[in-house]
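Student: Hey, I've just been handed a structure I've never looked at. Can you walk me through it?

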Amino acid sequence: MDDGSLYKHIDSELPDPDRARQLIILCAARAPLPAPREGKDPPSEPSEKGAKLLQGLKDNALRLLAERKIDLNATSIDRPGSPANGSLDIRPNEQNVNNRARTTRFKDEIRMYVILKFFFSFC
């Protein structure tokens, strides 16, 4: 399968998270394991044990994706702990809160200055 025909294997009727899942599975299944580098002082050849470990990790990730144990839905609101449903306790950044307060205060001072300047221009 060449890169140009890759998308024809993805069902267009599926929701976006499932389409993304299919694309990741197809790409990961096609991805070769890293080859040894060439050139001056290349690192030592990967051991057979290391190659088996990498292949096992790749196979495990593909299996978890296929079994839907890895959630790819960024907008999920029906799962507990999902950021989209607001169940996570995310505190606002203190510096951002302080900056917003300062900005509001400065804007109020500028408005007051403009109003006073306008008022005293008629006196």
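Tutor: Sure, let's start with the overall layout and then go into single residues. Keep in mind that this is a predicted model.

Student: Okay. How many helices and strands does the protein have?

Tutor: The protein has three helices and zero strands. From the N terminus on, the order is α-α-α.

Student: And what share of the residues counts as buried?

Tutor: 8% of the 123 residues. The accessible surface comes to about 10,600 Å², and carbon and sulfur atoms make up 58% of that.

Student: What about contacts along the chain?

Tutor: Take the contacts with a separation of 6 or more: 39% of them are between residues 24 or more positions apart.

Student: Let's zoom in. Which residues of helix 2 are buried?

Tutor: Lys58, Leu62 and Leu65. Looking down the axis of helix 2, you'd find its buried residues within an arc of 60°, so they line one face of the helix.

Student: What covers them?

Tutor: Helix 1, residues 16-30, is part of what covers the buried residues of helix 2.

Student: And which residues are exposed on the other side of helix 2?

Tutor: There you have Glu48, Lys49, Lys52, Leu53 and Leu57.

Student: How far apart are the end C-alpha atoms of helix 2?

Tutor: They're 27 Å apart. Helix 2 covers residues 48-66, and its 19 residues should span 27 Å at 1.5 Å a residue, so the two values agree.

Student: What comes after helix 2?

Tutor: Arg68 follows helix 2, in the loop that leads to helix 3. Arg68 isn't a glycine, yet its phi is positive, about 60°.

Student: Why point that out?

Tutor: Because most residues other than glycine have a negative phi.

Student: Switching topic: how many salt bridges does the structure hold?

Tutor: Six. One of them joins the side chains of Asp18 and Arg21, at 4.0 Å from N to O. Both residues lie in helix 1, three residues apart, which is about one turn of the helix.

Student: Are Asp18 and Arg21 buried or exposed?

Tutor: Asp18 is buried, with a relative accessible area of 16%. Arg21 is buried as well, at 8%. The cut-off for buried is under 20%, so they both qualify.

Student: Got another salt bridge for me?

Tutor: Try Arg105 and Glu109, whose side chains meet at 3.7 Å, N to O. This pair is in helix 3, four residues apart, again about one turn. An α-helix has 3.6 residues a turn, so residues three or four places apart point the same way.

Student: How accessible are Arg105 and Glu109?

Tutor: Arg105 is partly exposed at 43% relative accessibility, and Glu109 is partly exposed at 46%. While we're on salt bridges, ones that share partners join Asp18, Arg21 and Arg68 into one network.

Student: Oh, Arg68 again! Which residue does Glu67 pair with?

Tutor: Glu67 forms a salt bridge with Arg63, with the closest N and O atoms 3.2 Å apart. Glu67 is partly exposed at 38% relative accessibility, and Arg63 is partly exposed with a relative accessible area of 38%.

Student: Last thing: which residues make the nonpolar surface patch?

Tutor: Met112, Ile115, Leu116, Phe119 and Phe120, and the patch is about 540 Å². Leu116 lies in helix 3, residues 94-121, and counts as partly exposed at 39% relative accessibility.

Technical notes:
Residues numbered from 1 in each chain as written. Predicted model: local features only at pLDDT ≥ 70, side-chain atom pairs only at ≥ 80, totals over all residues. Heavy atoms only, no water. Patch = residues over 30% accessible without salt bridge, like charges linked within 9 Å, V, L, I, M, F, W, Y side chains within 5 Å. Areas by Shrake-Rupley, 256 points an atom, 1.4 Å probe, with all protein chains shown as cover. Helix = DSSP H or I, 4+ residues; strand = E, 2+ residues; numbered from the N terminus. Buried < 20%, exposed > 50% of the residue type's maximum accessible area, 1.4 Å probe, protein only. Expected span 1.5 Å × (residues − 1). Arc of directions from axis to C-beta. Contact = heavy atoms within 4.5 Å.
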